[in-house]
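Here are my comments on the model, in numbered points. Please read them with the structure open.

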Amino acid sequence: MSDIVTAIKRFFHWGPITAIGIIKCITVTTLYMNSMWWPPNTLGGFLNQNLFLILSALASINYVMALVLGPSFLPPKWRPEDKSTEEFLQFCTICEGFKAPRSHHCRKCGKCVKKMDHHCPWINTCVGWGNHAYFTCFLGFSVLGSIQASYILCASFYRGIHRSWFIYNGQQYLATVHFGLPSLVFCVFSLGLAVGVVIAVGMLLAFQIRSIVRNRTGIEDWILEKAKYRREDSGEEFIFPYDLGYKRNIQQVASWSCAPIGDGIVWQINDKCDQYTLTREQKAQKAEKRARTRTYSIVKKVSGSWIPLWSQGFSVCLSPPCTDEPRIKLEPGDMVKVTRWKKHWLFGDKISKTKNGYETELVSNTSSKKIRCRGWFPRKCAVELVEPESSEHQEHFSNKKVD
């Protein structure tokens, strides 16, 4: 029951509301214009209109399925059945459990997602193992339907502006598209939406098709890129374990039912690899990342604003990080472990002192889900601590399991 309620709540967000509004606006306007331009009382008009209705319906059905079913999440405090494999897996401090291979924690969903590709605001959840096929079908049918809608709206607009006789099958006909001001506005507006969908959604569809053919998510592309970079000097080759050849890769996602294949935890792998090849690489990359971290102390209050004009000046506001990652509030004396640096901004985890040393600070958001207090903040508000306060502090943070 709680899953159904959660799925329904996903609709009450600007992303789904906007997406559904765009779909319905294009659909209703196209059907209205098509009824004048090529009425369905002829065989051609009937086939044309029904083809558009089928594409629109398939896009809507797959959209709803992708949103309602979601990507499939790992249960909280998840652990593998074989405890001896825990050493190969990453530990999520938020979910207080291990991450299965190909799983990642989504800070917006507040859970670990099976085979997470990305968080999509248009469906208000992640694209992952559970809804990858539905999401890709939604993109495909949306592009095809919008291409047809663009053609119908362009033809209707032309006939409505040039209201003259035209010849069809050797007979003369008077254009039947008649515009009032509202219909003209809606026609132009919907045409703009349809063309925008073809371009924007078409690009996203291309990325998803590439992801399916390679059997790599967007996150795994980044992991693979770093794995190759780490081995440049040694000449060692890193074999991506889930690349089975394009035919088998497609079969990992594509099916007539669009239902997810497998259980999202155990995967078919390349013969030269094992189930934990990628997770071991991720742990090695994060160990290097922790080794590069620097501790900063906050010397000036940070508001957490995305545009801190009055407190930080124009130079900081004009060079923000190009990401949707959060900004965090900080007070003088706070400590932050910084992992990324830009000219005017720093990114890191706020840490707090405990009985056993220092650890990443966790807070609760409005949904009562624990999240890490991490994000971007202006560089000028902090100073780097060249020497750690104690060897115990440094050793504790280096060995601590983090998300």
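1. S60 sits in helix α3. With a relative accessibility of 17%, S60 is buried, because the cut-off for that class is under 20%. Beyond its neighbours within four places in sequence, S60 is in contact with I23 and K24. Bear in mind throughout that this is a predicted model.

2. Helix α3 also matters for the next point, the largest nonpolar core. Residues 43-69 make up α3, and this helix is among the elements that give two or more residues to that core. The others are α2 (14-37), α4 (132-161) and α5 (181-214). The core has 27 residues in total. Which element gives the most to it? That is α4, with seven residues.

3. Inside this core, the residues with the most contacts are I26, Y63, I123, F135, F138 and L139. Take F135 as the example. Setting aside neighbours within four places in sequence, F135 is in contact with A66, H118, C120, I123, V127, L204 and Q208. I123 thus appears in the contact list of F135 and among the core residues with the most contacts. As background, nonpolar side chains tend to be buried together in soluble globular proteins.

4. Now the surface. V195, I199, M203 and F207 make a nonpolar patch of about 380 Å². I199 belongs to helix α5, and α5 also gives two or more residues to the core. Is I199 buried or exposed? I199 has a relative accessible area of 51%. I199 therefore counts as exposed, since the cut-off is over 50%.

5. Two backbone angles deserve a check. Most residues other than glycine have a negative phi. N215 has a positive value, near 55°. N215 is found in the loop between α5 and α6 (218-230). At 2% relative accessibility, N215 is buried.

6. The second angle belongs to C258. Its phi is positive, about 65°, although C258 is not a glycine. C258 lies in the loop between α7 (246-251) and α8. C258 counts as buried too, at 10% relative accessibility.

7. Helix α8 covers residues 277-292, and R292 is in it. R292 is partly exposed, at 46% relative accessible area. How far apart in space are R292 and K337, C-alpha to C-alpha? The distance is 10.0 Å, while the two are 45 residues apart in sequence.

8. On the chain as a whole: it holds eleven helices and 16 strands. Of its 403 residues, 44% count as buried. Among contacts between residues at least 6 apart in sequence, 68% join residues at least 24 apart. The exposed area is about 22,200 Å². Carbon and sulfur atoms supply 61% of that area.

9. Confidence comes last. The mean pLDDT of the chain is 87. Residues at 70 or more account for 89%. Where is confidence highest, and where lowest? Strand β6 (residues 125-127) is highest, at 96. Helix α11 (residues 391-399) is lowest, at a mean of 44.

10. One stretch needs a caveat. Over residues 388-403, pLDDT stays under 50. The model has 35 contacts beyond four places in sequence for these residues. Please state the pLDDT beside any use of those contacts.

Note on methods. Residues are numbered from 1 along each chain as its sequence is written. This is a predicted model: local features need pLDDT of at least 70, side-chain atom pairs count only at pLDDT 80 or more; totals for chains, interfaces and linings use all residues. Side-chain values use heavy atoms; hydrogens and water are left out. A nonpolar core is a set of buried Ala, Val, Leu, Ile, Met, Phe, Trp, Tyr and Cys residues joined through side-chain atoms within 4.5 Å. Buried means under 20% relative accessible area, exposed over 50%, partly exposed in between (1.4 Å probe, protein chains only). Helices (H or I, at least four residues) and strands (E, at least two) are DSSP runs, numbered from the N terminus. Contact means heavy atoms within 4.5 Å. Patches are made of residues with over 30% relative accessible area and no salt bridge: like charges are joined within 9 Å, nonpolar side chains (Val, Leu, Ile, Met, Phe, Trp, Tyr) within 5 Å. Accessible areas come from the Shrake-Rupley method with a 1.4 Å probe; for residues, only the protein chains shown count as cover. A salt bridge is a side-chain nitrogen of Lys or Arg within 4 Å of a carboxyl oxygen of Asp or Glu. pLDDT is the predictor's confidence in each residue, from 0 to 100.
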